[in-house]
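Below are some notes for a colleague who is opening this structure for the first time. They are set out as numbered points, to be read with the model in view.

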Amino acid sequence: MESDPGFQAALEEARAGAAEGGIPIGAALVAADGRILGRGHNMRVQKSSATLHAEIAALENAGRLPASAYKGATMYTTLSPCDMCTGACILYNVARVVLGENNTYLGGEDHLRSKGVEVVNVKSSECQALMEKFIDEHPEQW
């Protein structure tokens, strides 16, 4: 799963966020046919934003799409999604959420499952290492 292009796009975004001094969380919204519709990374630190999480950035960068574009889509994210991002995935009828890890943060996985969303945990050591490094170096930002 870690070699999946959607997961790799999310991981690239997490690395980009880390390089900018931000929270290293990335996401990519991928259509059922494998096309990347949008990708982004957490910009809470860079833009002093309360809501610009990676999944929200990926949705925003996908632009306004018809409801049919989300049918069968997968949201790849390097960290278990928070309640806001969980809600966005449910709102847009994302079929599957693939997350990098949930050891540094456990989000709304059970809620996603209760709404019929497939949840896959890749258990990526790189995703976890990125988050642990950020949390250790910037506890005030986390």
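1. The place to begin in this predicted model is the open sheet, whose five strands are arranged in the order β2-β1-β3-β4-β5 and are paired in a mixed fashion. At its edges stand β2 and β5, the latter covering residues 118–121, and each of these edge strands pairs on one side only. From one strand to the next, the twist averages 15 degrees.

2. At one end of that order, strand β1 (residues 26–30) and strand β2 (residues 36–41) run antiparallel and are joined by five bridges. One position that can be picked out by eye is A28, whose bridge partner in β2 is R39. The hairpin formed by β1 and β2 has five residues between the strands, and within this hairpin G34 takes a positive phi near 95 degrees.

3. At the other end of the order, strand β4 (residues 96–99) is paired with β5 in the parallel sense, over four bridges. Here R96 may serve as a landmark, since its bridge partner in β5 is E118.

4. Turning to the helices, α2 lies across β1, β2 and β3 (74–77), and the direction in which α2 runs is at about 135 degrees to β2. The axis of α2 also comes within 8 Å of the axis of helix α3 (residues 83–91), the two crossing at roughly 35 degrees. On the α2 side this contact is made by E55, I56 and L59, while α3 contributes M84, C85 and A88. Sorted by class, the residues of the contact between α2 and α3 are five nonpolar, no polar and one charged.

5. Which residues line the largest pocket? They are I56, L59, E60, G63, R64, L65, Y70, A88 and Y92, and the space inside this pocket comes to about 230 Å³. Helix α2 (residues 54–62) gives the most to this lining, with three residues. By class, the lining of the largest pocket holds six nonpolar residues, one polar and two charged. A reader may wish to note that I56, L59 and A88 appear in this lining and also in the contact between α2 and α3.

6. The second largest pocket has a volume of about 170 Å³. Its lining is made up of 13 residues, and those lying nearest the centre of the pocket are I25, H53, C82, Y105 and W142. Seven residues of this lining are nonpolar, four are polar and two are charged.

7. Is E13, a residue of helix α1 (residues 5–19), buried or exposed? It counts as buried, because its relative accessibility is 12%, which is under the 20% that sets the limit for a buried residue. Leaving aside neighbours within four places in sequence, E13 is in contact with G26, A27, R39, G40 and H41. One of these, R39, is the residue already named as the bridge partner of A28.

8. A last residue to locate is R113, which lies in helix α4 (residues 109–114). With a relative accessibility of 41%, R113 counts as partly exposed, because that class lies between the limits of 20% for buried and 50% for exposed. In sequence, R113 and A69 are 44 residues apart, and their C-alpha atoms are 21 Å apart in space.

Terms used:
Residues are numbered from 1 along each chain as its sequence is written. This is a predicted model: local features need pLDDT of at least 70, side-chain atom pairs count only at pLDDT 80 or more; totals for chains, interfaces and linings use all residues. Side-chain values use heavy atoms; hydrogens and water are left out. On a 1 Å grid over the protein atoms alone, a cavity is a set of points where a 1.4 Å probe fits but cannot get out, and a pocket is an open set with protein on both sides within 12 Å along at least five of seven lines; lining residues have an atom within 4 Å of a point. Grid points are joined across faces, edges and corners, and a volume is the space filled by probe spheres set on the points. Ala, Val, Leu, Ile, Met, Phe, Trp, Tyr, Cys and Pro count as nonpolar, Asp, Glu, Lys and Arg as charged, and the others, Gly among them, as polar. Two strands pair if DSSP finds at least two bridges between them. Axes are lines fitted to C-alpha atoms, for helices over the stretch in contact, and angles run from 0 to 180 degrees between N-to-C directions. Contact means heavy atoms within 4.5 Å. Buried means under 20% relative accessible area, exposed over 50%, partly exposed in between (1.4 Å probe, protein chains only).
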